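Let's take a look inside a protein and see what its rings and empty spaces are up to. Have the sequence and the 3D view open while you read.

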Amino acid sequence: MAKRETWATRVGFLVAAIGSAVGLGNLWQFPFKTAGNGGAAFVAFYLIAVLLIGFPAMLAEFVMGRRTHRNAVDAFSELGHRQWRILGAFAVVTGFWILSYYNVVGGWVLRYIVGSAQGAYFGAPAEYFGAVSAGPEAIAAQFVFLAIVVGIVALGIEDGIEKATKVMVPSIAVLLVFLAVWAFTLDGAGAGYAYFLTPSLDTMVENAGTAIPFAVGQAFFTLSLGMAIMITYSSYIGDDDNLLVDGGTVVVFNTLIGILAGLVVFPILFANNIDPALGGGASALFIAVASGFGSLPLGNLIGVVFFGVVALAALSSAISLMEVTVAWANDNFDVPRPQLAVGIGVALFALGLPSAWDVALLTWFDNIAYSLLLPLSVLMLVLFVGWVLAGDAVAELRQGAGELGTFGPIWMWALRLTVPTLVFVTLALGIQTLFLGENPAFFAPF
Ligand code: PHE
C-alpha cells in the first residue's frame, strides 16, 4: 500500500481542525443562544462546558488518531481492540448521515451569495428562502456545494485540505473582522452589543433547563466531535505535536469566531428593527439577518461578503466530514483517492436528496443526528478511551506535551465520569424530545 499521507506542517493540521470546528453552529446558533440565555454569563457557562466536556473529548479523539495513524474504524484494531471497531463505524456513519444534509444547507448558502449580489431576496426574504431551500433549486445547489467538497478532498491531505483551509480559515477571520467593524458603524450597534452580551445570571438560571443541554450539545457539536473527524485529522500528524496546545488553540479560535459573529449579526438586526429573539437556526440567518441587507447601504456587497463567510465556514467543515469516510476507504481499498471521493460524493448526494426536497425531512435527519447519533457516539468514545484505552491514552498525550502532572488523572476521570454523565443527560433529554414530543428541539442546530 502507498505511503499514508501527512500534513505538511503543524499549522496545516491546526488550521484544518479550526476550519472543521468553525461552522454553522458558530454563526447561526452561538450568538442567538448567548443573547437569549444571559449574554456574557452564558458565554462563561458555555466556556466551562467546553472545558469540562468538549476539550477532554477532543483530546480523546486526538490520541486515538495520532497513536494509530489509521482511519476511525481501523484505529481500534491498531490499538489491539478489534472488537470495538463498531464504535468507529458508528462515528463514521454518524458523520456520513450529518454530511448528507449539511451539503444541502451549504447549497442554500451558495445560493444566497448569488441572491445577495442580485438583491433577489431583498423584497421578500421569507418567500425567497421558501423557494430556494427545497425542491429542484436546492438539489442543484446541493450538487454544486458537494462538487466543491469532493474536488478539494480528491486532491488529498496536503494538496487539497491543507492548502484550501490555509486560505479559507484566515479569510473567515479577516472578513468577519471587516464585517464587525462595518457593523460597528450602524445605528443599532450599541443596542445590539448590549442585547448580545449584557450579563444576566437571572436569565441564565431561569432558562437553565434549555440552556444547559444546549451548552452541552454545542460543546461537542461545535468542536466537531463524535463524527470521527478529529480522529481522522490527527491520524495525519507527527508524533511530537503538543496535543494539549493544539486542542486549546482550536477551542479558543472557535469561541472567538462565535463571539465575532454576534458582533456582526446583532447590530444588523437592531439597525433594522428586526426582532432579535430568534433562538437561532436557519431562519435567523437566511430570513432575519438577510432581510437587514436589503435596507442597508451597500447591502448587496455586504450580503455577498456575509454569506461568503458562511460558505467558507460550511465548506471547511464539510471537507473535514467527507475526509472521514474517504480516509476509511483509502486505508482499505486499493482505489485512487479521487475515485473514492467521487464515489462517496455520489452516495452523499443520494442520501441528501430527501433533505433537499423538503426542509421538514432535513429537520428530521438533523434531529436524529443531533439528539441521538452524536451524543451516543461521543458517549461510547469517551468511555472507550477512559476505561479501555486508559493508560495508553495518557502515554500518548504525554508524547509531545511532556509531563502531565495531575492533568493526566483529571483528564481520565473526566472521560470516565464527568463527560459521560453530562452527555448521558443530554441524550436522555434528546430522546425525550424526539420520541415523547416534549420540549421543542432546543438544541438542534437547524
Ligand atoms: N463544528 C461544526 C459547526 O459548528 C460542526 C460540523 C462539522 C458539522 C463538520 C458538520 C460537519 O458547524
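Start with the empty space: the largest cavity in this predicted model holds about 120 Å³. If you go hunting for cavities of 30 Å³ or more, you'll find 1 in the structure.

Who lines that space? The largest cavity has 16 lining residues, and the ones nearest its centre are Ser20, Tyr102, Phe221, Met227 and Ser317. Two or more lining residues come from each of these elements: helix 1 (10–21), helix 2 (24–36), helix 5 (85–118) and helix 15 (299–332). As for chemistry, the lining splits into 8 nonpolar and 8 polar residues, with no charged ones.

Now for the rings. The count of aromatic pairs comes to 36. One of them joins Tyr121 and Tyr128, whose ring centres sit 5.8 Å apart with 50° between the planes, so the pair counts as tilted, between the cut-offs of 30 and 60 degrees. Are these two tyrosines buried or exposed? Both Tyr121 and Tyr128 are buried.

Those two also belong to one aromatic cluster, along with Trp28, Trp108, Tyr112, Phe122, Phe129, Phe286, Phe293, Phe306 and Phe307.

Finally, check out Arg416. Its charged end sits over the ring of Trp413, and Arg416 also lies over the face of Trp387. Here are the distances:

| Charged residue | Ring | Distance to ring centre |
|---|---|---|
| Arg416 | Trp413 | 4.7 Å |
| Arg416 | Trp387 | 5.2 Å |

Technical notes. Residues are numbered from 1 along each chain as its sequence is written. This is a predicted model: local features need pLDDT of at least 70, side-chain atom pairs count only at pLDDT 80 or more; totals for chains, interfaces and linings use all residues. Side-chain values use heavy atoms; hydrogens and water are left out. On a 1 Å grid over the protein atoms alone, a cavity is a set of points where a 1.4 Å probe fits but cannot get out, and a pocket is an open set with protein on both sides within 12 Å along at least five of seven lines; lining residues have an atom within 4 Å of a point. Grid points are joined across faces, edges and corners, and a volume is the space filled by probe spheres set on the points. Helices (H or I, at least four residues) and strands (E, at least two) are DSSP runs, numbered from the N terminus. Ala, Val, Leu, Ile, Met, Phe, Trp, Tyr, Cys and Pro count as nonpolar, Asp, Glu, Lys and Arg as charged, and the others, Gly among them, as polar. Rings of Phe, Tyr and Trp (its six-membered ring) pair if their centres lie within 6.5 Å; planes under 30 degrees apart count as stacked, over 60 as edge-to-face and the rest as tilted. Buried means under 20% relative accessible area, exposed over 50%, partly exposed in between (1.4 Å probe, protein chains only). A charge sits over a ring if NZ of Lys or CZ of Arg is within 6 Å of the ring centre and within 35 degrees of the ring normal.
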